[in-house]
Amino acid sequence: MSELEILKTYKIYIGGQFPRTESGRYYPLMNKKKEVIANISLSSRKDFRNAVVAARGAFGGWSGRTAFNRGQILYRIAEMLEGRKEQFIGEIVRQGGTRKQAELEVRQSIDRCVYYSGWCDKFQQLFGTVNPVSSSHFNFSVPEPTGVVAVIAPEDTSLLGLVSVIMPVIAGGNVCVVLASESKPLCSVTFAEVLATSDLPGGVVNIMTGTSKELHSHFSSHMDVNAIVYTRDNKDEKKLIAENATLNVKRVFFWNNDWSKAGSENPYLIMDLQEIKTTWHPIEQIGVGGAKY
Amino acid sequence: MYPDLSNSPVVDQVGIEERVARFNTRSIKKETKLQGLKLALNMIDLTTLEGKDTEGKVEQMCYKAMHPADDIPGLPTVAAVCVYPTHVKTARRALQGSSVKIASVSTAFPSGNSTSDIKIADTKFALDNGADEIDMVISRGEFLRGNYHFVYDEIAAVKEACGKARLKVILETGELSTLDNIRKASDIAIAAGADFIKTSTGKIQPAATMPVTLVMLQAIKDHYDRTGIMVGMKPAGGISTAKGALQYLVMLYETLGPKWMSNEWFRFGASSLANDVILQLAKEYKGVYYSKDYISND
């Protein structure tokens with residue numbers, strides 16, 4: 001019996017589903033020999049709009065989970081990634097990497113999931129504070145998630161950059177819409193399949209493929225997006241994003257890390273997408289009126 | 001005189017579904033979309049029918065009915081508010097001086113399981129408090145056991161009690177099982193004097209769907225072709241997106257034509273639809289995708 005290889009259709013990931021782009025547009029992905037290896041969805045602003053609706057719908061449930069449970073799910077992502085290691089390595093090689101580079105990149109990506117999984121229920125303790133005040137209040141500040149985060153992922157890697165920017169966002173209870181690398185998009189779709197089988201609720205992470213040129217203005221102007229993370233270095237795009245973000249006072253972050261370095265993973269990235277909320281809780285005056293503590 | 005119920009045609013379910021699928025492929029953009037959205041907003045019966053309704057909630061909703069979104073210029077009001085009879089008085093006071101109408105559900109809404117006396121009293125109570133329109137429910141149990149004359153008489157009696165107020169007859173299509181039943185119930189309601197026929201109470205799933213609405217529109221069309229009398233249509237429950245509303249309008253236009261394209265003859269019974277329509281209108285005006293954070297919930 002001869003075996004016919006079944007080629008995979010690379011679609012996008014919105015609300016836990018794998019739709020095709022509503023625009024019906026695709027771009028061919030070439031390998032080094034200029035052969036077409038896949039047709040990739042060229043997502044439109046309407047795909048983005050739909051993804052934001054899905055993300056907004058998922059925010060309450062995801063941010064309302066216990067931090068510990070979020071940590072479990074992020075760890076589960078690492079487990080699923082481990083199980084499909086070979087597939088990711090194959091894809092990175094097809095997009096022009098050496099096998100050795102690919103193995104390292106996948107290894108680092110798995111480590112990154114485990115790293116942020118651990119932070120899920122710990123960063124609050126580190127960054128939350130109890131504040132001294134001069135009235136009879138117990139005054140404390142805790143970080144809480146910002147909301148829907150639009151992310152334009154790094155262009156130069158297929159998997160590691162993507163994982164490195166998604167993890168700190170969702171570890172803190174946010175939901176996100178992510179634009180994957182345009183020239184190396186294969187792993188993003190396969191990573192979406194990992195997410196879909198990791199107990200991560202649909203809509204928490206939405207992944208689109210396409211061009212930053214077309215989408216960055218929509219990512220930054222949508223009024224229902226609370227923060228935007230941009231990781232590439234196009235000056236014009238940065239400028240427009242910063243301008244558009246003023247419409248609804250989005251938080252804007254230009255993350256410019258070398259994601260292959262160990263120092264690029266840190267809890268401050270989680271904190272970028274947190275808001276500090278302070279509570280003034282009335283208490284009885286200690287030591288007054290016979291109260292004994 | 002009773003209508004000849006043997007005249008109700010049978011419905012081709014596959015044909016209805018195919019026709020509906022075709023309405024959903026129409027592309028409505030730019031200026032047309034803007035007009036469509038405004039029309040849809042103007043056709044909404046903004047509804048609150050919950051056990052937990054309070055005076056405050058009804059007042060809030062009435063304000064929203066008159067001022068859907070004040071920062072967008074040129075928006076119409078909604079068509080009406082729809083409340084329980086006990087809240088009609090509050091709505092009347094809150095809506096003073098505006099053209100927004102007050103619809104009240106009655107006849108032991110939503111089940112309709114009560115005596116005729118109580119149903120008539122319920123209707124009169126709503127009218128006495130200032131309701132412009134009455135949304136009654138039919139007795140589905142009687143209908144399903146074939147007691148069509150009972151259903152007919154009941155509608156006729158409520159119509160008589162309504163006087164000049166317009167009567168909408170809720171078929172509760174989710175409980176009628178088949179499109180044939182829905183067609184028959186539509187014919188009975190129209191024959192008994194309904195000014196509007198309405199799909200659902202919103203308390204039973206499925207509520208309004210496009211196939212069901214198309215069957216009812218077809219009944220209205222047949223009646224109009226036969227007698228020249230217009231009857232209105234109100235799909236209610238389950239229509240929550242602007243896109244869905246536009247598809248209903250396409251269906252309305254292509255089935256009944258331009259005469260029905262106003263809130264005198266077509267209504268959406270909905271609570272969350274208004275906000276989605278406002279969201280889309282805001283997008284058209286402001287040029288960027290909008291957020292519910294900037295629109296009032298109720």
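Here a colleague and a modeller talk through a predicted model, one question at a time.

Colleague: How many helices and strands does chain A have?
Modeller: The model is predicted. In chain A the tally reads 10 helices and 10 strands.

Colleague: Which radius of gyration does chain A have, and what would a compact globule have?
Modeller: Chain A has 293 residues. A compact globule with that many residues would have a radius of gyration near 19 Å. The value for chain A agrees with that: 21 Å.

Colleague: What box do the C-alpha atoms of chain A fill?
Modeller: The box is taken along the principal axes. Its size is roughly 90 × 40 × 30 Å.

Colleague: What percentage of the residues of chain A count as buried?
Modeller: A residue is buried if 20 or more other C-beta atoms lie within 10 Å of its own. Of the 293 residues of chain A, the share that counts as buried is 45%.

Colleague: Among contacts in chain A between residues at least 6 apart in sequence, what percentage join residues at least 24 apart?
Modeller: Contacts between residues under 6 apart are left out here. Of the rest, the share joining residues at least 24 apart is 76%.

Colleague: How are α8(A) and α9(A) oriented, roughly parallel or roughly antiparallel?
Modeller: Helix α8 of chain A spans residues 212-221, and helix α9 of chain A spans residues 235-245. They pack with axes 7 Å apart, at an angle of about 20 degrees. Angles under 35 degrees count as roughly parallel. So α8(A) and α9(A) are roughly parallel.

Colleague: Which class of residue has six members in the contact of α8(A) with α9(A)?
Modeller: From α8(A) come A:Ser212, A:His216, A:Ser217, A:Ser220 and A:Ser221. They meet A:Glu237, A:Leu240, A:Ile241, A:Asn244 and A:Ala245 in α9(A). Three of the contact residues are nonpolar and one is charged, while the class with six is polar.

Colleague: Why is α7(B) called oblique to α8(B)?
Modeller: Helix α7 of chain B covers residues 148-162, and helix α8 of chain B covers residues 179-191. Their axes come within 8 Å and cross at roughly 40 degrees. Angles under 35 degrees would count as roughly parallel, and 65 to 115 as roughly perpendicular. The crossing angle fits neither, so α7(B) is oblique to α8(B).

Colleague: How many nonpolar residues are in the contact of α7(B) with α8(B)?
Modeller: α7(B) supplies B:Tyr148, B:Val151, B:Tyr152 and B:Ile155. α8(B) supplies B:Ile188, B:Ala189 and B:Ala191. No polar and no charged residues take part, and the nonpolar count is seven.

Colleague: How many residues of chain A are in contact with chain B?
Modeller: Chain B brings five residues to the contact. By class, that side has four nonpolar, one polar and no charged residues. On the side of chain A, the number is seven.

Notes: Residues numbered from 1 in each chain as written. Chains lettered and ligands numbered in written order. Predicted model: local features only at pLDDT ≥ 70, side-chain atom pairs only at ≥ 80, totals over all residues. Contact = placed C-beta atoms within 7 Å. Nonpolar A, V, L, I, M, F, W, Y, C, P; charged D, E, K, R; others polar. Helix = DSSP H or I, 4+ residues; strand = E, 2+ residues; numbered from the N terminus. Rg over C-alpha atoms; globule rule 2.2 N^0.38 Å. Buried ≥ 20, exposed ≤ 12 C-beta atoms within 10 Å, placed from the backbone. Axes fitted to C-alpha atoms, helices over the stretch in contact; angles between N-to-C directions. Parallel < 35°, antiparallel > 145°, perpendicular 65-115°, else oblique.
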